[in-house]
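Reader: I am new to this structure. Please take me through it in short steps.

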Amino acid sequence: MKKSIIPVIAVLVVLVLITAGGWGFYRHIVRDMQTGEIDSGEKYLYHYVLIADNISSPLWQAIYESAKKEATEHNAYLEYVGGDMVSEYTTKDYLEIGIASKVNGIIVEPNGDPEVERLINKASANNIPVVTVMEDASNTKRKSFIGVNSFQLGQEYGEIICRTMTENTKKILVLINGDIEDPSKNLTFSQIKSEIKEKSPYGSQVEIEALRINSGNTFESEEAIRDVFLDSQAIPDILVCLDEIDTKCAYQALIDYNKVGQMDIIGYYPTQSFLNAISRGTTSAAFELDTEQVGRYSVEALQEYREMGYVSEYFSVDLELITKENVADYMEE
């Protein structure tokens, strides 16, 4: 009987140690955020935190560098945290930490989680202004949204899809990051459909579908896209990607499953290999977000709110179309 209890006790001890370790790390992060001080000893007037699900991606690295530069000019320290760090903490956890640390402002990419939206409201109630970037949470008390509005995004994608379609185009699949029922996602998808049906001579013959993907997770994106390529009935003539992870995974699948020439991909924030594909005519186009504007506007919105007590609800960011005609300019960069 005693022997059977020993393994149970051992498991309980391990769980206690893990919990204690996790809580210790949580308190360590909170303590670090509360200092508002860099290792060099330099003190700042404001302490902001940038939270994103995929912080190691080139897109978010570029946004962070721009935001950090702008923050420094306003005597503010910008902390960068998110889901790709060694810890298991999520966007929700980092919002909790930011609120507990009493930071002076939060820049966050919402992921549709109701808890994230609740915490945005909680931050506001604690006099911590929050601005959303890339994805919006319009039903919360966030102070401003920095990005491309859903209607414009759908319109831009719809126009290039119309230019890409031919009389042989029968099926278009749009990869949606998040909940398709989300009003902003639904508006983008609806506008894409509207543009195609109204402006393409082939609009009446094409089937347009949406597929939800959790693009905050590269593995889930790869798995969902792989399933599309493996299902002969699901393979579209044009695959539309609305974020960088899906674009990268879709292009890799195009190569892996030898579908070059059979499927076209319209991407977002392309990698160098995707730009090469555009140059060769393997893929048609991609959109690139002005990350410098995203980072700069994010900090400007926080500063404006702190100094004036109000700020514009929406900062529009430029969206640039990359095609074979201008791809060389981006490859040089």
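Author: One term comes up at once. A pocket is an open set of grid points with protein on both sides within 12 Å along at least five of seven lines, and its lining residues have an atom within 4 Å of a point. Keep in mind that this is a predicted model.

Reader: Which helix gives the most to the lining of the second largest pocket?

Author: Two helices, α7 (218-230) and α8 (244-256), each supply at least two residues of this lining. With 7 residues, the top contributor is α8.

Reader: How much space lies in the second largest pocket, and which residues lie nearest its centre?

Author: The space comes to about 410 Å³. The second largest pocket has 20 lining residues. Nearest its centre are Thr218, Glu244, Ile245, Lys248 and Cys249.

Reader: How many residues of that lining are nonpolar, polar and charged?

Author: Sorting the lining of the second largest pocket by class gives three groups. The counts are 8 nonpolar, 6 polar and 6 charged.

Reader: Now the sheets. In what order do the strands of the parallel sheet stand?

Author: This sheet is open and has 6 strands, with parallel pairing. β2 (76-82) and β11 (314-316) have a single partner strand each, so they stand at the edges, with one side of each left without a neighbour in the sheet. From one strand to the next, the twist averages 20 degrees. The order is β2-β1-β3-β4-β5-β11.

Reader: Which residue of β3 stands opposite Tyr48?

Author: Strand β1 (residues 46-52) and strand β3 (residues 105-108) run parallel and are joined by 4 bridges. Opposite Tyr48, in β3, stands Gly105.

Reader: And which residue of β4 stands opposite Val108?

Author: β3 also runs parallel to strand β4 (residues 130-133), with 3 bridges between them. The β4 residue opposite Val108 is Thr132.

Reader: Which residues of β3 are buried on each side?

Author: In a regular strand, side chains alternate between the two faces of the sheet. Both faces of β3 are covered. One side has Gly105 and Ile107 buried, and the other has Ile106 and Val108.

Reader: Which strands are the edge strands of the sheet with mixed pairing?

Author: That sheet is open too, with 6 strands in the order β7-β6-β8-β9-β10-β12. Its neighbouring strands are turned by 15 degrees against each other on average, direction ignored. Each edge strand pairs on one side only, and these strands are β7 (207-213) and β12 (319-322).

Reader: Which residue of β12 is the bridge partner of Glu288?

Author: Strand β10 (residues 285-289) and β12 run antiparallel, joined by 4 bridges. In β12, the partner of Glu288 is Glu320.

Reader: Where do the buried residues of α9 lie around the axis?

Author: Phe274, Leu275, Ala277 and Ile278 are buried in helix α9 (residues 272-280). Because they cover an arc of only 155 degrees around the axis, they lie on the same side of α9.

Reader: Why does Ala277 count as buried?

Author: Ala277 is found in helix α9. The cut-off for buried is under 20% relative accessible area. Ala277 counts as buried because its relative accessibility is 0%.

Reader: How far apart in space are Ala277 and Ile265?

Author: In sequence, Ala277 and Ile265 are 12 residues apart. From C-alpha to C-alpha, they are apart by 10.0 Å.

Reader: Which residue follows α9?

Author: The residue after α9 has a positive phi, near 90 degrees. This residue is Gly281.

Conventions:
Residues numbered from 1 in each chain as written. Predicted model: local features only at pLDDT ≥ 70, side-chain atom pairs only at ≥ 80, totals over all residues. Heavy atoms only, no water. Buried < 20%, exposed > 50% of the residue type's maximum accessible area, 1.4 Å probe, protein only. Arc of directions from axis to C-beta. 1 Å grid on protein atoms, 1.4 Å probe; cavity = no way out; pocket = protein on both sides within 12 Å on 5 of 7 lines; lining within 4 Å. Points joined across faces, edges and corners; volume = space filled by probe spheres on them. Nonpolar A, V, L, I, M, F, W, Y, C, P; charged D, E, K, R; others polar. Pairing = 2+ DSSP bridges. Axes fitted to C-alpha atoms, helices over the stretch in contact; angles between N-to-C directions.
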